[in-house]
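Got the viewer open? Here's a short tour, stop by stop, with something to select at each one.

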Amino acid sequence: MKISLRTKFFIGFLILILVPLITISLFSYSNARNFLMASIKDYNELLVRSIITGVEDTVLSYKNLLQSIGDNIKFLKTDQEKKKFLLEIKEKYPYNIKFLSILDKSGEEIVRSDNRPLKDRSGQPEFYQVKEKDYYLSWSSFNPIVGMPTIIISVPLLKEGEFQGVLMSEIFLSDIWSKIVAGYTSPKDNIYLLTREGQPVAEILSALKDFRSDGLEKIAQELAEKKAIVVQETDTGVGQMLVVADSIPMFGWELVVFRPVSEIYKPTSILRRNLVLITFIVLIFIFIVSLFFSKLIVDPIKELHKGLEIMRQGNLDYRVNIRTNDEIEELGREFNRMAEELNKYHSALEESKTVLEIKVRARTRELRELSESLEEQVKQRTKELQARIDELERFHRLTVGRELKMLELKKQIKKMETQLREANIKFEKPRKSRD
């Protein structure tokens, strides 16, 4: 199969430029992708830690709020004043505090912010454990339909350093919810906040059905029970997910986040797309450059080929016009010089041919004249010989019966015949030369 020179130039540029470019690009892409994936994992881990810190700060802010409320309660003397104060606090934080309750030294509820019956909480950890430290915190409940968790926070009521009772509250952790939503806003994320026993404290499920699964909650519960701290990719049944799990030791909780790999590794897809785009642009550049260089080389060669075809048809006056300022232009000049020499040789050959034709015509004319002259002489000689033969024949007829005369006569006849043959031979030689 014949391959044009222009195609060979394109293939050559393709091999010399594109192959090293693709090799370097793939190597760079691999390193950049690995670095980017590691950075993304580190970022997600750091983001989970920041959410955990935010959750801790939020919960501790409620503890500090209760301590501040307790400091004010010790100045109130009657239960009516205390209840009124609790109602004012509840009205001030209607979306944060579910209820407030004051317990006396024995653990009996003496005041509540709502109208529920008072209980004996002396056997509850929110009473007896608060004596061992400056606060008590535990998970209380979680409604998956509403998605609103609550926790119990208790702080001691002290007066001049003496234990006077407990201020207990049940808090809506809406701020925790806000922290999680602020940290992960992708509609494909699934986030679980659980106790170490696997009970849900808060959760955010993916807004897209294809990324939700009961299997995710089971994985989160297993990680919570193991108190696992992991950052790994896992096949969850709804696609490959990056699982980031970390504990909140202060509250005994576990935060587990599931993020689709396809979502978090989008930058690598963009990097791959950019690499393909750059390769395509380089291909176009290579094509344009190969066209340019092939035009510089192929067009002069085509001009030389055209000149050869014209000269082959007999036009030796044709000259090529190549202006490339390089070796190809030198080749064009040599081509024109060769054409000029061939033209000179051809002119000299034509002139020699003309002279030779003139000489041949002159010599032919001379030979023709000589042949005609010889032919006339032969005719004349033949006529003379024929006359003598006729005379001899007459003589022979007169000398019939005479043997000696006959022999003599025969000799003369033979002699005449010999002369006649010699004359014919002389006549034939000029004719052959003329022919």
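Two strands count as paired here if DSSP finds at least two bridges between them. Keep in mind as you click around that this is a predicted model.

**Stop one: the S8–S9 hairpin.** Select residues 230–235, which make up strand S8, and add strand S9, residues 240–248. S8 and S9 pair in the antiparallel sense, over six bridges. Zoom in on Asp-235 and you'll find its bridge partner in S9, Gln-240. Four residues sit between the two strands of this hairpin. Click on Gly-237 in that turn: its phi is positive, about 95°.

**Stop two: along S9 and into S10.** Stay on S9 and colour it by accessibility. Is this strand mostly covered or mostly open? Mostly covered: eight of its nine residues are buried. Now bring in S10, residues 253–260. S9 and S10 run antiparallel and are joined by eight bridges. Show Ile-248 and, opposite it in S10, Trp-253. These two strands also form a hairpin with four residues between them. The glycine to pick in this turn is Gly-252, with a positive phi of about 70°.

**Stop three: an aromatic pair.** The structure has two aromatic pairs. For one of them, show the side chains of Tyr-192 and Phe-258. Their rings meet edge-to-face, 6.0 Å centre to centre and with 85° between the planes. Where do the two partners sit in the chain? Tyr-192 belongs to strand S6 (residues 190–195) and Phe-258 to S10, so the pair links parts of the chain that are 66 residues apart. Tyr-192 counts as buried because its relative accessibility is 3%, under the 20% cut-off. Phe-258 is buried too, at 0%.

**Stop four: a charge over a ring.** Select Phe-99 and Arg-112. Arg-112 lies over the face of the Phe-99 ring, at 4.2 Å from the ring centre.

**Stop five: the largest pocket.** Finish by selecting Ile-73, Lys-74, Leu-76, Lys-82 and Gln-164, the lining residues nearest the centre of the largest pocket. The space in there comes to about 260 Å³. How many residues line this pocket? There are 16. Helix H1 (5–73) and strands S1 (97–103), S4 (148–159) and S5 (162–172) each give two or more residues to the lining. S4 provides the largest share, three residues. Colour the lining by class and you'll get eight nonpolar, three polar and five charged residues.

Technical notes:
Residues are numbered from 1 along each chain as its sequence is written. This is a predicted model: local features need pLDDT of at least 70, side-chain atom pairs count only at pLDDT 80 or more; totals for chains, interfaces and linings use all residues. Side-chain values use heavy atoms; hydrogens and water are left out. Rings of Phe, Tyr and Trp (its six-membered ring) pair if their centres lie within 6.5 Å; planes under 30 degrees apart count as stacked, over 60 as edge-to-face and the rest as tilted. Buried means under 20% relative accessible area, exposed over 50%, partly exposed in between (1.4 Å probe, protein chains only). A charge sits over a ring if NZ of Lys or CZ of Arg is within 6 Å of the ring centre and within 35 degrees of the ring normal. On a 1 Å grid over the protein atoms alone, a cavity is a set of points where a 1.4 Å probe fits but cannot get out, and a pocket is an open set with protein on both sides within 12 Å along at least five of seven lines; lining residues have an atom within 4 Å of a point. Grid points are joined across faces, edges and corners, and a volume is the space filled by probe spheres set on the points. Ala, Val, Leu, Ile, Met, Phe, Trp, Tyr, Cys and Pro count as nonpolar, Asp, Glu, Lys and Arg as charged, and the others, Gly among them, as polar.
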